[in-house]
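Visitor: I would like a close look at a single part of this model, taken slowly and with the surroundings included. Please begin wherever you think the picture builds best.

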Amino acid sequence: TEAGLMGAGVQPKDAAVLLTSLVQGIAIRWSLGSRNFDIVPEGMRLLEVQLVLFACREGQK
C-alpha cells in the first residue's frame with residue numbers, strides 16, 4: 001500500500017479475504033478435528049505468519 005505497510009501488489013480487499021479465510025480455516029480445523037490444539041495460540045501463530053507474508057516486498061521471500 002502507499003503507507004508501505006504491505007508488500008507491493010497486496011490489495012486491501014485481498015488481505016481482508018485472506019484474514020477472514022485464516023479465521024474460518026482454523027475454526028473448521030478445530031471444530032471438525034479432535035480439538036487437540038489450543039485455538040487462540042494457533043490462530044495468533046498463523047496470523048503472525050500471514051502478516052509477515054503481507055509485509056514481503058516483490059523479490060523477497
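Guide: Glu42 is found in helix 2, and in this predicted model it counts as buried because its relative accessibility is 16%, below the 20% that sets the limit for that class. Once the neighbours within four places in sequence are left aside, the residues in contact with Glu42 are Ile26, Arg29 and Phe37. Two of these partners, Arg29 and Phe37, also meet each other, since the charged end of Arg29 sits over the ring of Phe37, 4.8 Å from the centre of that ring.

The remaining partner, Ile26, leads to helix 1, where the buried residues are Ala15, Leu22 and Ile26. These three cover an arc of only 15 degrees around the axis, so they lie on the same side of helix 1. Helix 2 is included in what covers these buried residues, and the contact between Glu42 and Ile26 can be read alongside that. On the other side of helix 1, by contrast, Lys13, Val17 and Leu32 are exposed. As for the geometry of helix 1 itself, its 21 residues should span 30 Å at 1.5 Å a residue, and the C-alpha atoms at its ends are indeed 30 Å apart, so the expected and the computed span agree.

Between helix 1 (12-32) and helix 2 (39-55) there is a loop, and Arg35 has its place there. The backbone of Arg35 deserves a careful look, as this residue has a positive phi of about 55 degrees although it is not a glycine. With a relative accessible area of 49%, Arg35 is classed as partly exposed, because the exposed class begins only over 50%. Arg35 also lies over the face of Trp30, at 4.6 Å from the ring centre, which gives a second arginine placed over a ring, beside the Arg29 and Phe37 arrangement. Pairs between aromatic rings, however, do not occur, for the structure holds zero of them.

A last point concerns the segment before helix 1, where Gln11 has its place. Gln11 is partly exposed, with a relative accessible area of 45%. Although Gln11 and Phe54 are 43 residues apart in sequence, their C-alpha atoms are 9.8 Å apart in space. Phe54 falls within the range given for helix 2 (39-55), so that this pair relates the segment before helix 1 to the helix in which Glu42 is found.

Technical notes
Residues numbered from 1 in each chain as written. Predicted model: local features only at pLDDT ≥ 70, side-chain atom pairs only at ≥ 80, totals over all residues. Heavy atoms only, no water. Helix = DSSP H or I, 4+ residues; strand = E, 2+ residues; numbered from the N terminus. Buried < 20%, exposed > 50% of the residue type's maximum accessible area, 1.4 Å probe, protein only. Expected span 1.5 Å × (residues − 1). Arc of directions from axis to C-beta. Contact = heavy atoms within 4.5 Å. Phe/Tyr/Trp six-rings, centres within 6.5 Å; stacked < 30°, edge-to-face > 60°. Lys NZ or Arg CZ within 6 Å of the ring centre and 35° of its normal.
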